[in-house]
Amino acid sequence: MIKNIILDVGMVLVDFCWQELLEKMGLHGADIDAVADATVRSPEWNEYDRSVWTDEQLLACFKKKAPDYEAQIQEFWDRTVESIRQRPYAKEWIKELKADGRRVYILSNYSKRTYDLTCQNGLDFLPLADGALFSFEVGYVKPEPEIYHKLMDKYSLEPAECLFIDDNAINLEYPAKIGWQTVLFRSFAQVQDDMDKIISA
């Protein structure tokens, strides 16, 4: 029986509108690609979410990857908060899941810096949840196995009672192996249908 609904944050409860922000900064085409490849599309972005490196180390690394775009990378960094936008259904969805008798937990790759910038606005649904675990708190990022076990240990969750929703298929592979039910988020309507089929089975 599914007792625990575990939700990702980015592209499930909030939008990460990094491309829109770069366009607002006046960048287009190859310039957007250059900044994105040095930041959000780089392997080092996982280190941002892990939050083991200092902000200064990360920013220097991003700039080193695209030295011709140092000013744009700095501006993107300074305006990060503008890229986080809560989806309109987020709060009501959590309330509805809890009204059905489920516990709701958050499991997300999310940096300490972005958390501090957005916890009062983009993430203001957090008090509605029964618990949360962010990558910056534990030094692990999805799909690393440790982060899933950290959540289970923190809240004494049984795998067979968990249903996890994430927009990235690779993040669903390990939890499925250890007995969680999983749903790949493609749209709000789709995920509700998929959840209903699993819960009613």
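Leaving aside neighbours within four places in sequence, which residues is T114 in contact with? In this predicted model, the partners turn out to be Y48, T80 and I84. T114 itself sits in helix 7, which covers residues 112–118. With a relative accessible area of 6%, T114 comes out as buried, because the cut-off for that label is under 20%. A34 makes a handy reference point for T114: the two are 80 residues apart in sequence, and their C-alpha atoms are 22 Å apart in space.

I32 can be looked at in the same way. This residue belongs to helix 2, residues 29–38, and is buried too, at a relative accessible area of 7%. Once the neighbours within four places in sequence are set aside, the contacts of I32 are W18, Q19, L22, E23 and L27. K3 is not part of that picture: 29 residues separate K3 from I32 along the chain, and the C-alpha to C-alpha separation is 43 Å.

Next comes helix 11, residues 188–200, and how it sits against helix 6, residues 90–99. A pair of packed helices is described by the angle between the axes and the distance between them. Here the angle is about 10 degrees and the axes lie 13 Å apart. Angles under 35 degrees count as roughly parallel, so that label fits helix 6 and helix 11. On the helix 6 side the contact is made by W93, E96 and L97, and these meet F188, V191, Q192 and M195 of helix 11. Sorted by type, the residues of this contact give 5 nonpolar, 1 polar and 1 charged.

How far apart are the end C-alpha atoms of helix 11? They are 18 Å apart, and this agrees with expectation, because 13 residues at 1.5 Å a residue should span 18 Å.

Burial along helix 11 is one-sided. Q190, V191 and M195 are the buried residues to note. Viewed down the helix axis, the buried residues of helix 11 fall within an arc of 130 degrees, so they line one face of the helix. K197 and S200, on the other side of helix 11, are exposed. What covers the buried residues of helix 11? The cover includes helix 6 along with strand 1 (4–7), strand 6 (162–166) and strand 7 (181–184). V191 and M195 thus turn up twice, as buried residues of helix 11 and as residues that meet helix 6.

Key
Residues are numbered from 1 along each chain as its sequence is written. This is a predicted model: local features need pLDDT of at least 70, side-chain atom pairs count only at pLDDT 80 or more; totals for chains, interfaces and linings use all residues. Side-chain values use heavy atoms; hydrogens and water are left out. Axes are lines fitted to C-alpha atoms, for helices over the stretch in contact, and angles run from 0 to 180 degrees between N-to-C directions. Helices (H or I, at least four residues) and strands (E, at least two) are DSSP runs, numbered from the N terminus. Angles under 35 degrees count as roughly parallel, over 145 as roughly antiparallel, 65 to 115 as roughly perpendicular and the rest as oblique. Contact means heavy atoms within 4.5 Å. Ala, Val, Leu, Ile, Met, Phe, Trp, Tyr, Cys and Pro count as nonpolar, Asp, Glu, Lys and Arg as charged, and the others, Gly among them, as polar. The expected span of a helix is 1.5 Å times one less than its number of residues. Buried means under 20% relative accessible area, exposed over 50%, partly exposed in between (1.4 Å probe, protein chains only). The arc is that of the directions from the helix axis to the C-beta atoms.
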